[in-house]
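Please open the model in your viewer and keep the sequence panel visible. The stops below proceed from the beginning of the chain onward.

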Amino acid sequence: MLRIDPGESFDYLYRIPADHPAGTHWYHPHHHGTVADQLYGGLVGGLIVDRGGDVPVTTDRLLLVTDITLDGTGAVVPATATERTVGREGRLLLVNGQYQPTITAAPGATERWRIVNACTSRFLALRLEGHQLDQIALDGSFLPRPTGHDSVVLAPGNRADILVRPQDTGRFTLLTDPYDRGSMMGRSTVGAGSTPLATLITSGPLRGAAPLPAALPAEDPSTAPATRRRTTDFRMGMGGGGMGGGAGMAASVDGRTFDHDRDDQTVTFGSTEEWTVTNSSPLAHPFHIHVWPFTVLATSDDRPTTGTPQDVVIVPPRGWVRLRIPFTTLTGRSVYHCHILDHEDAGMMATVVVA
């Protein structure tokens, strides 16, 4: 809700309460209408709340993934109207601002990789050649126990903490595979093939890896009964204004484009609500709400749920998700939106007031 104009500055003060969970977070500008362009240009950073020693590891790494398209002079290539409609995906995938960097480790090490999907629209389907990905956290919240995956899917805005435990020497590529997030205007969002992000290089004497922790310091999810149930719908359709200028595709929440001065949802502080977020469009939309994390109760495509708090969840094309949201920590006015930021900039965002 704050605007900082060119040449101006603003000092933020964050008071981290003693009971704030440790975890992996991030930050970026959020001025409506320019969010996608600014994030695409690289205005993004990682933010870790660290208690220290919660999971013993050899090395703790932040891997912040962004994408961008540059021309021959190094300037950012603007997104076309079609790319804004579907959600732009840059030709270059970067990790901490680097193109296909290398990560060195020793066999037997336990590495914690804090992976942030800071892409404007791209979904990441991550896998590491020759390794299982043992996930220990999602969106800054610990899981009850490590969960092994061949691949981990992160929508834009999602974060995952992964334990990587190399057992042998060699070179292993961290890849993102194509992910089907639907189609729009006859254009599929499925990429042509896997894209390398980074290379893990292991060398040195072989040694046994430490065992995985049997349990993790996960938050207990809210069990308070829901005092109210709401439904909110992410929509796309033909309309005036368009996405990125001109007539064309319009994006909205409940049929209304974002209005900074309008209060869309009013919630009683201290209550716990059950929200069903529906998606009447043919594209997947990552639902994100600021300030108040939720637990996923069910999804229309029966994806497994973690039972722990998160702040981004994929709403399938023509599908829905059901969420439990405790509005019990802070009062105030904030927003929820699609985390395909071209869609958010086009109006797929709404306000929520907790008082």
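A residue counts as buried under 20% relative accessible area, as exposed over 50%, and as partly exposed in between (1.4 Å probe, protein chains only). This is a predicted model, in which local features need pLDDT of at least 70 and side-chain atom pairs pLDDT 80 or more, while totals for chains, interfaces and linings use all residues. Residues are numbered from 1 along each chain as its sequence is written, and side-chain values use heavy atoms, without hydrogens and water.

Select L2 first: its relative accessibility is 43%, so L2 is partly exposed. Next add I4, F10, Y12, Y14 and I16, which together with L2 form a nonpolar surface patch of about 660 Å² accessible area. Such a patch joins nonpolar side chains within 5 Å, from residues with over 30% relative accessible area and no salt bridge (a Lys or Arg side-chain nitrogen within 4 Å of an Asp or Glu carboxyl oxygen).

Now display the aromatic rings. Rings pair if their centres lie within 6.5 Å; planes under 30 degrees apart are stacked, over 60 edge-to-face, and the rest tilted. The whole structure holds 9 aromatic pairs. F10 and Y12 are edge-to-face, because their ring centres are 4.8 Å apart and their planes stand at 70°. Y12 and Y14 are stacked, because their centres are 6.1 Å apart and their planes stand at 10°. Y14 itself is exposed, because its relative accessibility is 64%.

Finally, select F234, W275, F287, W292, F294, F327 and Y336, which make up one aromatic cluster.

Notes. Patches are made of residues with over 30% relative accessible area and no salt bridge: like charges are joined within 9 Å, nonpolar side chains (Val, Leu, Ile, Met, Phe, Trp, Tyr) within 5 Å. Accessible areas come from the Shrake-Rupley method with a 1.4 Å probe; for residues, only the protein chains shown count as cover. Rings of Phe, Tyr and Trp (its six-membered ring) pair if their centres lie within 6.5 Å; planes under 30 degrees apart count as stacked, over 60 as edge-to-face and the rest as tilted.
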